[in-house]
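Biologist: I am new to this structure. Please take a close look at the salt bridges, and then show me what lies around them.

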Amino acid sequence: MTGLLAAGCALGVVALTLKAGEGSHSGLDTALSTTTGFLFLLAGAVAHVRRPANPIGVLIALAGVALFLEDLQFTTDPVLYTIAVPLRAASSPVIAHLVLAFPHGRLRSRWERLLVAAAYAVVLGIGVVGLLTADDPRDLLAVAADSQAAPVVGRALGLAATVISAGVVVVLLYRWLTGRLPQRRLLSPVVVIALAGALTSGAGTALGEGHPLSGPLLMAYRILFCLWPLAFLAGVMRARVGNAEMIRLLLERDGTGLAALVQDDEVWKDSRSIDALNAAAGLVLDNQRLTDELEQRLAEVRASRARLVAAGDEERRRLERDLHDGAQQRLVSVVLLLRMAARPSGAELPPELRALLTSAVDELQTAITELRELARGIRPAILTEAGLVAAVRSLADRMPMEVALTVGTVPRLDAAVEATAYFVTSEALTNALKHARTDRADVRIEVAGAELRVAVTDAGVGGADVEGSGLAGLRDRVQALGGELAVASGAGGTTVTAVIPLAAEKP
């Protein structure tokens, strides 16, 4: 790119000097052609800086260099003239290539490649023929000089340029008509200038040099041609990023590869589409990140609740041991001492004192019974020793109502799972006994897949509410293990169902 810009600037100065000194061109024509060449160089430099990976900037700058090469034919130096003659229409195939490759920087179809290849071959081929047949003393390679050959070659070049221009305009119109809205926005300035230039140039050429409108029409064509590099530059400025740049932009948003984008070449070339897509993709990634953070927080909360449940169970076991080994044993010792004190000795005890000792022993026996019930309610020893099924059978045997127990194949489970299922069963049976006005309940316990299912059903009056009973705390306990507690209660009875995911099973 640096070489093209340096060569283009040097050729521009030379072309301006030669064209101004030649004398057959007006000052306006010379100014417009020189300005057009430098605008192509400027647009190419800006496009290359904006998108260095896209070769479109090189093509734009090359078009400016080709325009300046055409003006070398006005030199008086034989060597330079011999070099310039084949390049008298060098800009035509380059601009055709540029238009068809815009804005991707590449030719996407076989027909486009054939059209561009034909443009280069025909224009340069006709230029070489003109070089070999030119009747000009400056031509060092003329091998068949013919004064009639120059007009023929000129007409051939003009016809070739017309055919190439028509083919390019047809492809542009087809691409614009079949393209999506972003592509149309991007191609519209190029298409408008191409159509207007083709119409003014064709009309001016058709009217002939003697017609009064021919000159203004050709001048309008030159002005439109001067605006063409600005149209390319506007398209490059709007097409700010390509597929690779967009993926990198989205990855830099979070610093990790959270998304992959599939490129639609026509959408990526419009800046407003890019902005909208970037914003939408950013919202998707933000939502995904927030969802991941929420799921992580939820997992942490569940783990914390599970740890609290485990800690509570451990504390219950410790309290049970303390009650059994501590307070209960002391109360039993006091009962034995009182009984020993009440035995007949050398002297008979007064009746009042004997009655008092008997009453104290009875009260202590009641306290021991209640303490045992309390310890059993905290966590039955049979639950720890024999497992869930044995503990529920023991519970059913102690209930003053008929309990039908249905048990599937239930192995030893994690302590927290067994304790939760036992307390759900106990609470549901207790509620049925107190409030359901029924003398029968059904209990079903089974392992289904990776879940433990416990269902307690009674045929009572219904009206149970999970929010207003001891089941509310059990629901929190079940949910802490990742399960669900449901209560269905109506006129036909109440069903309490707990579904608890299995933790590590014990052998």
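Modeller: What follows starts with the charged pairs and then moves on to the helices, a loop and a surface patch. Keep in mind that this is a predicted model.

How many salt bridges are there? A search of the whole structure finds six.

Take glutamate 402 and arginine 440 to begin with. Their side chains meet in a salt bridge, at 2.6 Å from N to O. Glutamate 402 lies in strand β1, residues 402–407, and arginine 440 lies in strand β2, residues 440–448, so the pair ties together parts that are 38 residues apart in sequence. Glutamate 402 is partly exposed, with a relative accessible area of 49%. That value sits under the 50% above which a residue counts as exposed. Arginine 440 is partly exposed too, at 34% relative accessibility.

Next comes the pair of arginine 453 and glutamate 451. They form a salt bridge whose closest N and O atoms are 3.2 Å apart. Arginine 453 counts as partly exposed, at 34% relative accessibility. Glutamate 451 is also partly exposed, with a relative accessible area of 28%. Some salt bridges share partners, and these join Glu402, Arg440 and Asp442 into one network.

Now turn to helix α12, residues 271–342. Aspartate 286 and arginine 289 both lie in this helix. They are three residues apart, about one turn of the helix. Between them is a salt bridge, with the closest N and O atoms 2.5 Å apart. Is aspartate 286 buried or exposed? Aspartate 286 is buried, because its relative accessible area is 18% and buried means under 20%. Its partner, arginine 289, has a relative accessible area of 31% and is partly exposed.

Stay with helix α12 and move along to valine 335, which also has its place there. Valine 335 counts as buried, at 4% relative accessibility. Which residue comes within 5.6 Å of valine 335, C-alpha to C-alpha? The partner is valine 361, although the two are 26 residues apart along the chain. Glutamate 363 is another residue to compare with valine 335. These two are 28 residues apart in sequence and 9.4 Å apart in space, C-alpha to C-alpha. Glutamate 363 has its place in helix α13, residues 351–378. At 55% relative accessibility, glutamate 363 counts as exposed.

Back to the strands, and to what comes before β2. The loop between α16, residues 415–435, and β2 holds arginine 437. Arginine 437 has a positive phi of about 55 degrees, although it is not a glycine. Most residues other than glycine have a negative phi. Arginine 437 is exposed, with a relative accessible area of 75%.

Helix α16 also has a helix partner. The axes of helix α15, residues 388–398, and α16 come within 10 Å. They cross at roughly 15 degrees. The two helices are therefore roughly parallel to each other. Angles under 35 degrees count as roughly parallel. The crossing of α15 past α16 is right-handed.

Compare that with a helix pair at the other end of the numbering. Helix α2, residues 27–50, and helix α3, residues 56–70, have axes 7 Å apart. They pack at an angle of about 160 degrees. That makes α2 roughly antiparallel to α3, as angles over 145 degrees count that way. Their crossing is left-handed.

Last, the surface. Which residues form a nonpolar patch there? They are Val79, Ile83, Val128, Leu132, Leu140 and Leu141. Together they have about 510 Å² of accessible area. Helix α4, residues 78–84, supplies at least two residues of the patch, and so does helix α6, residues 110–133. Leucine 132 is found in helix α6. Leucine 132 is partly exposed, with a relative accessible area of 33%. A patch takes residues with over 30% relative accessible area, so the 33% of leucine 132 passes that cut-off.

To recap the part you asked about: the search finds six salt bridges. Among them, glutamate 402 pairs with arginine 440, aspartate 286 with arginine 289, and arginine 453 with glutamate 451.

Key: Residues are numbered from 1 along each chain as its sequence is written. This is a predicted model: local features need pLDDT of at least 70, side-chain atom pairs count only at pLDDT 80 or more; totals for chains, interfaces and linings use all residues. Side-chain values use heavy atoms; hydrogens and water are left out. Patches are made of residues with over 30% relative accessible area and no salt bridge: like charges are joined within 9 Å, nonpolar side chains (Val, Leu, Ile, Met, Phe, Trp, Tyr) within 5 Å. Accessible areas come from the Shrake-Rupley method with a 1.4 Å probe; for residues, only the protein chains shown count as cover. A salt bridge is a side-chain nitrogen of Lys or Arg within 4 Å of a carboxyl oxygen of Asp or Glu. Helices (H or I, at least four residues) and strands (E, at least two) are DSSP runs, numbered from the N terminus. Buried means under 20% relative accessible area, exposed over 50%, partly exposed in between (1.4 Å probe, protein chains only). Axes are lines fitted to C-alpha atoms, for helices over the stretch in contact, and angles run from 0 to 180 degrees between N-to-C directions. Angles under 35 degrees count as roughly parallel, over 145 as roughly antiparallel, 65 to 115 as roughly perpendicular and the rest as oblique. A crossing is left-handed if the near helix is turned anticlockwise from the far one by less than a right angle, and right-handed if clockwise.
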